[in-house]
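Student: I would like to learn how to read contacts, helices and charged pairs from a set of coordinates. Could we work through one case together?

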Amino acid sequence: MPEAAVIRAVSLVLAHTPGLARLGSKPARTLPADAELTRSFLAHLRSFDDAVGYPAHQAFLGSCHPRELPPRPWVGTSMAGAQRFAPFGELMPEDEFLGLMAAVDEFDLLVLTPEVAERAAKKLAEHPLAAHLDLARVSAAAGDVDAALASGALPVHLAPDCLAGALRGAHEEDESLVAHILLENLACKATGTLALLRLLQDHGVDPAGIGYTISCSEEAVGDRYQRGGGNMGKTIAAVAGLTESSGADVKNFCAAPIPALVIAASLVVAGVFEQVVVLAGGSQPKLGMKFEGHLRHGLPVLEDVLGGVAVLVTADDGISPRIRLDAVGRHRVSSGGSGAQILHDLTVQPLEAIGARMCDVDDYATELHNPEITEPQGSGDVAARNYRTIAALAVRRKEITRDEIGSFVAQRGMPGYAPTQGHLASAVCYLPHALTRLTTGPADRVLLLAKGSLFLGRMSQRSDGMSILLQRNGG
Amino acid sequence: MDLSTQETIKRLVDQHGAESLLVVLGAPDAESAGIAAETVVLGDPSWAGPLAGVQLGLPVYHVLEDELRAAVPAEVWEEQVGLMLDVLEVDDIADAVREFREQAST
């Protein structure tokens with residue numbers, strides 16, 4: 001059995017979906033009752049070029065390290081030389097993305113106008129991943145959108161307000177299979193598939209070598225008898241041609257990617273599978289979640305992208321960063337619920353377990369929500385708050401003085417730069433940066449931590465969290 | 001302050017009376033602490049929630065203010081929130097909350 005598991009490769013993708021933003025959970029419930037607000041919402045949607053040039057997106061896609069981002073504001077600026085295709089993946093435009101959703105739609109849920117279907121099929125035929133996409137299915141999605149709408153389907157638009165298609169519900173009596181739930185799941189499947197295909201192609205991964213695929217997406221696939229039953233992991237594995245893979249889903253609100261990585265590494269070290277993929281698609285309900293704050297401050301609707309991630313965990317290759325399974329932090333039931341106690345469990349405890357100090361960690365990746373998105377709606381700068389708390393813990397441990405909090409944060413933290421796609425913002429978006437820093441860069445240890453809000457589901461008053469320590473191979 | 005929290009506060013006032021209640025905030029910055037304090041003293045400034053136009057005049061403190069610290073056993077305060085003194089801008093938060101607390105008591 002291998003001595004250690006490593007993270008060999010990571011891909012990140014974004015899909016610019018301003019037309020789907022009006023179907024996000026918050027806008028879908030707010031806009032229909034307010035025509036003026038709807039007009040303002042549509043007038044504040046970003047163009048594709050603006051989304052590509054947005055500095056935070058370019059940091060997400062690897063054009064620069066988050067610490068190299070220019071000072072805010074980022075809105076209204078464009079990163080020089082920004083491209084759709086970037087080191088970690090790509091940002092896909094909306095018309096192609098509707099085509100991608102059609103390409104992975106195995107139940108004819110999505111019908112597109114003939115013009116949109118033709119345009120999407122044509123553009124996707126020129127995409128670097130075209131050989132892996134079922135383009136015939138995109139063309140076959142062309143149909144009578146008006147007829148679908150008349151029978152109760154959900155209208156789907158290209159931004160700002162161009163009817164492009166409709167998404168059908170699958171069962172009249174099953175609330176788990178209504179159109180907007182299926183849209184969430186299909187958007188998740190499409191972004192997860194895009195991330196996985198990029199992982200395979202960009203890193204030369206043999207799809208037949210993957211034994212298991214774990215999804216840590218936030219969406220809930222199922223029917224009325226098992227809402228959220230799953231299984232997005234195997235669903236996406238099948239689309240991407242992982243012929244030898246089975247799969248399952250790991251759920252833990254925003255924290256899910258970290259336990260998924262721990263489980264994947266454990267499966268590898270135990271010798272169950274040689275290679276495991278951890279992946280996640282995007283969260284469509286979170287599009288436009290804080291749009292009221294953005295409009296109030298004269299900003300565009302900034303939550304207009306879906307994210308996706310795919311990670312390859314394998315047996316030790318002697319090169320890639322090792323996952324320290326002897327330093328997994330977890331927020332225990334017996335721990336309190338205060339922010340400080342949670343971060344103590346996720347940072348101090350695992351480091352103490354291997355005799356390391358907080359200053360032995362070069363980079364801490366925490367909840368990296370872009371503050372330009374969260375502050376206008378009153379949520380503050382989540383990343384900065386976490387970093388100051390981590391630094392304060394280092395003060396308590398007498399590793400630094402109180403005067404050094406600022407430099408600790410500047411050196412080992414970073415500005416939040418991720419879209420508010422909770423599970424991706426919660427540390428896993430930093431993985432490809434971590435791989436660079438721990439292989440060709442100067443870092444020796446990177447700690448990723450994530451927290452999940454269990455109380456949102458009204459079954460527990462608790463929260464949860466988990467952390468994982470990555471270490472330079474041979475370090 | 002979100003609508004369900006406003007609803008809960010309104011229900012507690014109806015049940016127990018404003019004179020029996022004190023609000024303790026945990027907001028992480030002066031702006032959100034000020035808005036929350038304003039909501040429970042003068043009413044919801046966004047006019048969107050159940051406390052819009054409802055002047056409850058409740059006494060309100062932030063958990064990091066000295067008055068609260070003095071009312072909590074030292075070891076409990078230290079274990080639960082003490083670390084936040086190094087994290088948050090406590091003076092700014094306290095100023096924002098005090099501004100509305102004083103309006104409640106006049």
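Tutor: We will take the chain contact, then a helix, then a histidine, and finally the salt bridges, bearing in mind throughout that this is a predicted model.

Student: How many residues does each chain bring to the contact, and what area is buried between chain A and chain B?

Tutor: The contact draws on 15 residues from chain A and 13 residues from chain B, and the area buried between the two chains is about 1,200 Å², with carbon and sulfur atoms giving 48% of that area. On the side of chain A, Arg385(A), Arg388(A) and Arg396(A) supply 39% of the area that this chain buries against chain B, which is more than any other three residues give.

Student: Which polar features are counted between chain A and chain B?

Tutor: There are 2 salt bridges between chain A and chain B, and 8 residue pairs are in polar contact, where both residues are at pLDDT 80 or more. In one salt bridge Glu78(B) pairs with Arg396(A), and the closest N and O atoms are 2.6 Å apart.

Student: Which helix gives the most to the side of chain A that touches chain B?

Tutor: That is α16(A), with 7 residues, while α14 (339–353) and α16 (382–396) of chain A each supply at least two residues to that side. Sorted by class, the side of chain A that touches chain B has 5 nonpolar, 6 polar and 4 charged residues.

Student: Turning to a single helix, how far does α10 of chain A reach, and is α10(A) mostly covered or mostly exposed?

Tutor: Helix α10 of chain A, residues 179–202, has 24 residues and reaches 34 Å from its first C-alpha to its last, close to the 34 Å expected at 1.5 Å a residue. The helix α10(A) is mostly covered, since 21 of its 24 residues are buried, and it is followed by Gly204(A), whose phi is positive, near 60 degrees.

Student: Is His423(A) buried or exposed, and what does its side chain reach?

Tutor: His423(A), which lies in helix α18 (residues 422–425) of chain A, has a relative accessible area of 0% and is therefore buried. Its side chain reaches the backbone oxygen of Gly281(A) at 2.7 Å, and, leaving aside neighbours within four places in sequence, the contacts of His423(A) include Cys216(A), Phe253(A), Pro257(A) and Val428(A).

Student: How should I read a salt bridge inside a helix?

Tutor: The general idea is that side chains of opposite charge can pair when their charged atoms come close. Residues three or four places apart in an α-helix point the same way, because the helix has 3.6 residues a turn. Here, Glu36(A) and Arg39(A) form a salt bridge at 3.0 Å, N to O, and both lie in helix α3 (residues 35–43) of chain A, 3 residues apart.

Student: Which parts of chain A does the pair of Glu375(A) and Arg72(A) tie together?

Tutor: The side chains of Glu375(A) and Arg72(A) meet at 2.6 Å, N to O. Glu375(A) lies in the loop between α15 (371–374) and α16 of chain A, and Arg72(A) in the loop between α5 (55–60) and β2 (85–86), so the pair ties together parts that are 303 residues apart in sequence.

Student: Which residues do salt bridges that share partners join into one network?

Tutor: Start from the salt bridge between Asp95(A) and Lys123(A), at 3.1 Å, N to O, which links helix α6 (residues 94–103) to helix α7 (residues 114–125) of chain A. Asp95(A) is buried at 8% relative accessibility, whereas Lys123(A) is partly exposed at 30%. Through shared partners, salt bridges join Arg84(A), Glu90(A), Asp95(A), Glu96(A), Arg119(A), Lys123(A), Arg198(A) and Asp202(A) into one network.

Notes: Residues numbered from 1 in each chain as written. Chains lettered and ligands numbered in written order. Predicted model: local features only at pLDDT ≥ 70, side-chain atom pairs only at ≥ 80, totals over all residues. Heavy atoms only, no water. Contact = heavy atoms within 4.5 Å. Buried area = accessible area lost by both parts, 1.4 Å probe. Salt bridge = Lys/Arg side-chain N within 4 Å of Asp/Glu carboxyl O. Polar contact = N/O pair within 3.5 Å; in protein donor to acceptor, adjacent residues only side chain to side chain. Helix = DSSP H or I, 4+ residues; strand = E, 2+ residues; numbered from the N terminus. Nonpolar A, V, L, I, M, F, W, Y, C, P; charged D, E, K, R; others polar. Expected span 1.5 Å × (residues − 1). Buried < 20%, exposed > 50% of the residue type's maximum accessible area, 1.4 Å probe, protein only.
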